[in-house]
Amino acid sequence: MEEKNYQHNKIKIDHRLKKNKQFNYIFRKGIKYHSKNFNLYAVSSKFKTYKIGYSISKKEGKANKRNLLRRRLKEIVRKNQLVKDNYNYILQAKNGATLLTYSEIEHQLINLFKKHEENKSF
RNA sequence: AUUGUUAUGCAGACAAUCGCAUCAAUUUUGAUGAGGAAAGUCCGAGCAUCAAGAGAACUGGGUGCCGAUUAACGAUCGGUGGAGGCGACUCUAAGACUAGUGCAACAGAAAUAAACCGCCGUAAAAGGUAAGGAUGGAAAGGUGGUGUAAGAGACCACCGCUUAGUUAGAGAUAACUGAGGCUCUGUAAACUCCACCUGAUGCAAGGUCAAAAGGGCAUAUGUGCUUGUUCUCUCACGCCCUGAAUGAACCGCUUGAACUUAUUGGCAACAAUAAGUCUAGAUAGAUGAUUGUCUAAUACAGAACUCGGCUUAUAGCAUAACUGACCGC
RNA sequence: GCAGAGAUGGCCGAGCGGUUUAAGGCGCACGCUUGGAAAGCGUGUGAGGUAAAAAGCCUCCGCAGGUUCGAAUCCUGUUCUCUGCG
């Protein structure tokens, strides 16, 4: 019974960044990658899993627009398996990213994470 | 067929695959999962804390035609008066400047008070007068007549104002009759007066884990307190810091002035009764992606303690009642 | 989520019912001064529309209504900006 619970917990690891501290740390120390509508901050971490946070300023739109964008970002990251272990990320939206369609966002994000991959290999 | 006016409803549905949150089961399944405004935070409540309570005076804040509804309200409904529209109908912070005070620039002779021009009068003055002129947002009730030296509510008719009575009404008020002859400029979203209401802070409230031990201040003619100020009385005997953290978890957290349907009462807001239902509860914060079918399906927009309103944003479709103009009979 | 403050010429900033929208400073333009500059002194200077130009007229104190004879100022709604609360 206990083993099962343990396994269950192991499957459900929290991949979210939660604390303001963590966000500030990554904003300061992270390696930055830019596209037209998004910034990616990446920092290597001592943990084996990854964590990712999404940052959308209030200037980008009203609450429901921001919510929609965040959900789409989460969906794209999950579906394309863009994120690698041992890293912490922040995805920041800018310049009217809420106006983009799903496919446009997907295109930009894949390119962004490609840059990150190339940088890592060097 | 057209033109408006008012009211109401919907705010996509179904299926498949992958994915999220909560709760059940339990080992891979099932159920449920944002709005009409969830928004603005403009009002009113519940709930919590300020050790507890009673009372008085002053101050501050709010509301302001009448009646009803409501847990309550600055909300709602039905009326009255006023304003707009040919009309259906819509809008209305609408007590009192005859308690007192303030303000009213410029213009104008004069701004709450009277005479510049004028008119009458006369030899000329004195004197009488406020019709006409000019200014202004406002100029001494208005229009027409009688009257007169010229004029004037001096007198008359109509209209307006103030006021008394009668009738109708629950009342605001309305209608009628009489009186005053008009004394009384506007402004209270100026101070103020009158009537009524009103403690403060907001779930980031607040509580549990949270105790030991140590330290400081005060120790009754004292301290504390009812969170705008002061006072009276009852009352309590302690308060603060370290421990104790830029911490985690849990509670608060969703069954409620709840929702749906029916009946009854009421013009209506709404209320009562009966039956049925349980319907988000996250905490970097749960609803997305792809595809198909139907369709007018697009807009504004995302719960964060919970309710009742108000205000603002909003595509398209549908329904009902009524208004005007035109055509036909 | 809750609570509070503000918005005035190109910039800062006073004014809080009254006369032509606006004190003062910075800035800008021109002149004086100087061999030349800086500093100093003096004069002028908001924007848009109308207009050939000048003069004049109209609109503008975040935006939209209302009260008032009259609103940058008072009241209501709204938009944006900023601050505090664990």
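I began with Thr101 and found it in the loop between β4 (87-93) and α4 (102-121). Helices (H or I, at least four residues) and strands (E, at least two) are DSSP runs, numbered from the N terminus. This is a predicted model, where local features need pLDDT of at least 70, side-chain atom pairs count only at pLDDT 80 or more, and totals for chains, interfaces and linings use all residues. Residues are numbered from 1 along each chain as its sequence is written, chains are lettered from A and ligands numbered from 1 in the order in which they are written, and side-chain values use heavy atoms, with hydrogens and water left out.

Is Thr101 buried or exposed? I noted it as partly exposed, because its relative accessibility is 40%; buried means under 20% relative accessible area, exposed over 50%, and partly exposed in between (1.4 Å probe, protein chains only). I also checked its C-alpha atom, which is 9.5 Å from that of Leu69, 32 residues apart along the chain.

Next I turned to RNA strand B. I found 18 residues surrounding it, and Arg16, Leu17, Asn64, Arg70 and Arg71 are the closest. Near means that a heavy atom of the residue lies within 4 Å of the strand. Which helix gives the largest share of this surface? I saw that α3 does, with ten residues.

Last, I looked up polar contacts with the strand (pairs of N or O atoms within 3.5 Å). A polar side-chain atom of Arg71 is 2.5 Å from a phosphate oxygen of RNA strand B. For Ala63, a backbone N or O atom lies 3.2 Å from a phosphate oxygen of the strand.

Conventions. A polar contact is a pair of N or O atoms within 3.5 Å; within protein, one must be able to donate a hydrogen and the other to accept it, and residues adjacent in sequence count only if both atoms are side-chain atoms.
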